[in-house]
Amino acid sequence: MPDDDQFDAIVVGAGCSGCACAYALAKQGRNVLLIERGVTPGSKNVSGGRLYTYAMEMLEPGLYKRAPLQRRVVREQIMLLGKTGATTVDYVDDALIGEIPQSYTVLRAPLDEWFAGEAEAQGATVAAGILVDGLIERDGKIVGIRAGEDEMLADVVIAADGVNSRIAQAAGLFPDITAKSVGIGIKEVIEVSDGLIESRFNLSGDEGAARVIVGCTEGISGGGFLYTNKGSISLGIVFNPEQAASHGKSIHEIFQNFKMHRAILPLIEGGTTIEYGAHLVPELGITGVPQKLYRAGLVVVGDAAGFGINTGLVIRGMDLAIVSGLAAANAVTQANDTVEVGPLYMQQLQALQLLPSMDVFSGSHQVMGIPRVFEQYPNLANEVMKSMFAVDGKTPEKMTKTMLKILRRNLSLRQLAADGWKAYRSL
Ligand SMILES: Cc1cc2nc3c(=O)[nH]c(=O)nc-3n(C[C@H](O)[C@H](O)[C@H](O)COP(=O)(O)OP(=O)(O)OC[C@H]3O[C@@H](n4cnc5c(N)ncnc54)[C@H](O)[C@@H]3O)c2cc1C
């Protein structure tokens, strides 16, 4: 750390948002300090994870090629898990892949460490193993941070400290999170050989698969994910914490049952769990983003600001974190004695399409409020499949009659109409 403890900007947190911000600021010639509480950047982070490349491209064209990416996602899969069976949609289309691959699977520990290293190479000072525990305020403006006995000053502090941002709370910007505003994600990284991954998921070379799984939460709002990496598989579930707390079974138990499901076990069989993590995820989309993401001397980026999109099929957080980090850096560079960073940051979030994109999915989280999505519908889909494929030599029932019976067994027509309407309105 330099002797002179005055910086143009101090970024708190070396996740995707903080690293992107420090990278851009250092590249724009600013004297920036990036502080991370973990012993190394990434050591405290958990993600599904799949990273959409466009965000890295916005930061610097071609930057993604230097990143420790895992597999290029070419197969998009949706799995509806029933009690005994599973129905899987497997979408593959070169049109989705494009010249620059749309997304890659990633592991956060190597990704964040690399990203912080790139920021350092641009000239940022990176300080890991330091917990920022307070802000310094003078005349109503944030002018620096405290870390234990140490004080460091800056023209602006960037809160990139993730979901439930203590920095934003210390600045008096947001209240503490509520159980309704977040999901709790748990994830295992399971070591499986590349050969097995490729044969089990129909992949070759650097190709990868991304799978969302519905019906794995024993009725709790939430869903599962599976990503193929190089030599490992990331498998996890995100749960609604309130419902999980009153469910009766621990989330660990539900996760174990999920792993043992006859459609999941063959995918991970013979593998060894090499990493286990749990983390909160912002769940409310744009409705959970506070109106004001700044005050004099401070802006809030990434998960700390509530930036996340979950359509049920697409989970986005890392890309929004990177874009918001870039937006903050651009704002810092544009600010001067008469124009403050905060309002410029809000303009940048519009200009870089972050807030407009989140607006489009403003109703997505409503789908998570339909309780039957997580159990009845996946069961219904699997019962329909069973009725279509079962042949036992007896005279079968008329298909329409069977379908109606299955429908009635799982839900009423009134519930179906109400859910359809709610889903339609949330799109
Ligand atoms: C289970 C799960 C699956 C997910 N899957 C995906 C996915 O597939 N794709 C996707 O795009 N997103 C995914 N996300 C979301 C994604 O992980 C986040 O949106 C993203 O990590 C946000 O980046 P960030 O930099 O804002 O925050 P974080 O990555 O949380 O980084 C914050 C950093 O700040 C540090 N920090 C915190 N407090 C302090 C402090 N006081 N002092 C110093 N350092 C501090 C932390 O140690 C951490 O390194 C997933 C999340 C979870 C939990």
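Start by selecting Ile145 and Met152: Ile145 stands opposite Met152 in strand E10. Keep in mind as you look around that this is a predicted model.

**Stop 1: strand E10 and its neighbours**

Now widen the selection to the strands that hold this pair. Strand E9 covers residues 141-147, and its pairing with E10 is antiparallel, over four bridges. Colour Gly148 next. In the hairpin of E9 and E10, two residues lie between the strands, and Gly148 takes a positive phi near 60°.

Then select residues 150-159, which make up E10, together with residues 6-12, which make up strand E1. E1 and E10 run parallel and are joined by six bridges. To find a pair here, pick Val12, whose bridge partner in E10 is Ala159.

For another partner of E10, add strand E17, residues 298-300. E10 and E17 also run parallel, with three bridges between them. Show Ile158 and Val299 as sticks, and you will see Ile158 of E10 opposite Val299 of E17.

**Stop 2: around Tyr345**

Keep Val299 on screen and add Tyr345, since the two are in contact. What else does Tyr345 touch, leaving aside residues up to four places away in sequence? The contacts are Leu293, Val299, Val300, Val301, Phe307, Ser324, Ala327, Ala328 and Ala331.

Tyr345 and Phe307 are the residues that touch the most other members of the largest nonpolar core, which has 83 residues. Select residues 318-334 to bring up helix H10, which gives this core its largest share, 11 residues. As a general point, nonpolar side chains in soluble globular proteins tend to be buried together.

There is a second core to visit, separate from the one above and made of 27 residues. Select Ile186, Val192, Ile213 and Phe255, which are among its members.

**Stop 3: the cavity**

Finish inside the protein. How many cavities of 30 Å³ or more does the structure hold? There is one, and the largest cavity encloses about 80 Å³ of space.

To display its lining, select these residues:

- Pro282, Glu283, Leu284, Gly285 and Ile286, among the lining residues
- Gly308, Ile309 and Asn310, also in the lining
- Met358, Phe361, Ser364 and His365, again lining residues

Which elements give two or more residues to this lining? They are strand E18 (309-310) and helix H13 (364-367). Colour the lining by residue class, and you will find six nonpolar residues, five polar and one charged.

Technical notes: Residues are numbered from 1 along each chain as its sequence is written. This is a predicted model: local features need pLDDT of at least 70, side-chain atom pairs count only at pLDDT 80 or more; totals for chains, interfaces and linings use all residues. Side-chain values use heavy atoms; hydrogens and water are left out. A nonpolar core is a set of buried Ala, Val, Leu, Ile, Met, Phe, Trp, Tyr and Cys residues joined through side-chain atoms within 4.5 Å. Buried means under 20% relative accessible area, exposed over 50%, partly exposed in between (1.4 Å probe, protein chains only). Contact means heavy atoms within 4.5 Å. On a 1 Å grid over the protein atoms alone, a cavity is a set of points where a 1.4 Å probe fits but cannot get out, and a pocket is an open set with protein on both sides within 12 Å along at least five of seven lines; lining residues have an atom within 4 Å of a point. Grid points are joined across faces, edges and corners, and a volume is the space filled by probe spheres set on the points. Ala, Val, Leu, Ile, Met, Phe, Trp, Tyr, Cys and Pro count as nonpolar, Asp, Glu, Lys and Arg as charged, and the others, Gly among them, as polar. Two strands pair if DSSP finds at least two bridges between them.
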